[in-house]
Each structure stands twice: as C-alpha cells, then as structure tokens.
Amino acid sequence: MTKSDPFKGFHSSPEIIRLAVMLYVRFPLSLRNVEDLLHERGVDVSHETVRYWWHRFGPMFASEMRKRRIEGMKSSRWRWHLDEVFVKINGERHYLWRAVDNEGEVLESFVTKTRDRRAALKFLKKAMRKHGQPEVIVTDKLRSYGAALKEIGAGTRQETGRWMNNRAENSHLPFRRRERAMLRFRRMRSLQKFAAVHASVSNHFNQERSLSSRPIFKANRAAALAEWRGLCAE
C-alpha cells in the first residue's frame with residue numbers, strides 16, 4: 001500500500017471496496033442495485049455502506065486516474081469540443097459544462113447556476129489550468145463562449161458549425177443514464193463531485209469497441225481492469 005494506507009480501519013478488503021465503487025460509478029446502477037450484486041457474490045453490505053465508500057474513495061480513485069492520463073495526453077491540446085446541458089437540482093435549473101478532446105476524452109466537467117460569460121470564463125480557465133490551451137475550440141453558437149474566449153485572447157481559435165460539436169454532445173449520454181438511475185441530484189456540490197468522478201471512470205474504461213477487433217478490445221479491457229485494481233497500491 002501507499003505510505004498512508006487509505007483502507008486502514010475498514011473491515012472489508014480493498015478489492016471489495018474498489019468493486020463496489022466501480023459498479024456504482026461505471027454502470028447505471030442505484031446504490032441498492034450495487035448492494036444486491038455484491039450480495040450475489042457473497043458480500044453482505046448495505047447500500048449506505050456503498051454510499052460511504054463512494055464518497056470516501058471515489059474522488060481519490062478519480063484523482064489518481066486523472067493524474068496518470070494527463071501525463072500521457074499530449075494530443076488533447078489539438079482540438080477541444082465544449083458543450084453544456086441543463087441539470088435540475090431540487091427543481092432548479094443548473095448547467096453542466098463539459099470539455100472533450102478530439103478523441104472523445106472528457107477533460108473537464110464543471111457545474112454552474114448560469115451559462116453567461118462569467119460562467120463560461122470560469123469553466124475555460126479551470127480546464128486550461130489543467131490541460132493548457134488547445135489550438136482549436138469547437139463550440140455551439142452560445143454567445144457566452146465567444147465573449148469568454150475573447151477575454152482570454154483565444155477568440156480566433158473558436159469554430160462553430162452544425163454537427164461539428166457531436167463529440168461533446170455524445171459525451172453527455174453516459175452521464176444522462178446515470179442521472180436517471182440516481183433519480184437526479186439534491187445538491188450542486190454532489191453533482192460536481194459525481195460528474196468529475198464519473199468522467200474519469202468513463203475515460204478509463206472507454207475502449208471505443210466499434211474501432212477495435214474483438215481480441216484487441218478484450219486485451220484493452222483486461223488492461224483497464226487490472227489498472228483499476230492496482231489503484232492506490234504499490
């Protein structure tokens with residue numbers, strides 16, 4: 001384990017905790033669905049325990065995966081696709097912004113109450129602080145993007161057009177499936193936390209199976225699963 005063992009004090013093994021977190025974040029399952037699936041495997045935990053594990057270890061796993069992927073993602077600076085969707089929290093409309101690179105990798109997820117210039121600027125600065133500035137930024141025709149890009153001196157890098165932003169729009173689909181399974185969100189902070197972790201896990205296990213032969217897909221899937229199991233281990 002690492003210098004400070006993150007699993008110290010837990011009765012369940014690290015393998016069980018990783019499995020529970022993976023089932024909850026990767027697949028469109030409720031906490032009770034995960035409880036039932038673990039019970040079939042001979043593991044008796046309550047859905048509240050799964051919730052606690054998710055809150056405790058989900059962000060930690062996601063942070064480690066992000067760190068490893070950012071180091072090897074040199075191509076992510078070529079072209080970004082930006083898009084936003086509305087998400088209701090306690091009946092109020094909020095906006096989930098997402099930056100996706102040219103290969104479909106989710107770079108950043110960000111939640112705001114508005115989608116004006118100020119919100120777009122905050123989102124862009126956060127994404128560029130981690131990943132640097134891309135050569136091309138594809139957006140829809142929302143004026144907030146243009147105003148924010150001009151303010152940071154990247155107005156000439158913006159491209160808009162019909163169907164040009166399908167990569168960003170398609171990246172919302174896995175999240176929408178999870179949102180329905182979770183019966184939506186109750187707090188803005190919970191949405192931001194889950195969106196960030198879910199994006200990292202989706203990136204990790206997304207193998208683009210339509211572009212690979214069956215043997216290659218199986219090998220990549222096994223490698224992704226092995227890396228997941230090795231998280232937080234020496």
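Mentor: Two strands are said to pair if DSSP finds at least two bridges between them, and we apply that here to a predicted model.

Trainee: How do you know that β2 and β3 pair, and what is the bridge partner of A99 in β3?

Mentor: Strand β3 covers residues 106-112, and 6 bridges join β2 to it in the antiparallel sense; because at least two bridges are needed, the two strands count as paired. In β3, the bridge partner of A99 is E108, and in the hairpin of β2 and β3, with 4 residues between the strands, G104 takes a positive phi near 90°.

Trainee: What makes β1 and β2 a pair?

Mentor: They are joined over 10 bridges in the antiparallel sense, which meets the requirement of at least two. W80 has D101 in β2 as its bridge partner, and the hairpin of β1 and β2 leaves 2 residues between the strands, where N90 in the turn has a positive phi of about 55°.

Trainee: Why is β2 called largely enclosed by the rest of the structure?

Mentor: Buried means under 20% relative accessible area, and 8 of the 10 residues of β2, residues 92-101, are buried, so the strand is largely enclosed.

Trainee: Which residues have the most contacts inside the largest nonpolar core?

Mentor: That core has 38 residues, and those with the most contacts inside it are Y24, V34, L38, W53, F175 and W228. Its largest share, 8 residues, comes from α1. W228 touches, among others farther than four places away in sequence, R18, F61 and F205. Apart from this core lies another, of 20 residues, among them A99 and F110.

How values were computed:
Residues numbered from 1 in each chain as written. Predicted model: local features only at pLDDT ≥ 70, side-chain atom pairs only at ≥ 80, totals over all residues. Heavy atoms only, no water. Core = buried A, V, L, I, M, F, W, Y, C linked by side-chain atoms within 4.5 Å. Buried < 20%, exposed > 50% of the residue type's maximum accessible area, 1.4 Å probe, protein only. Contact = heavy atoms within 4.5 Å.
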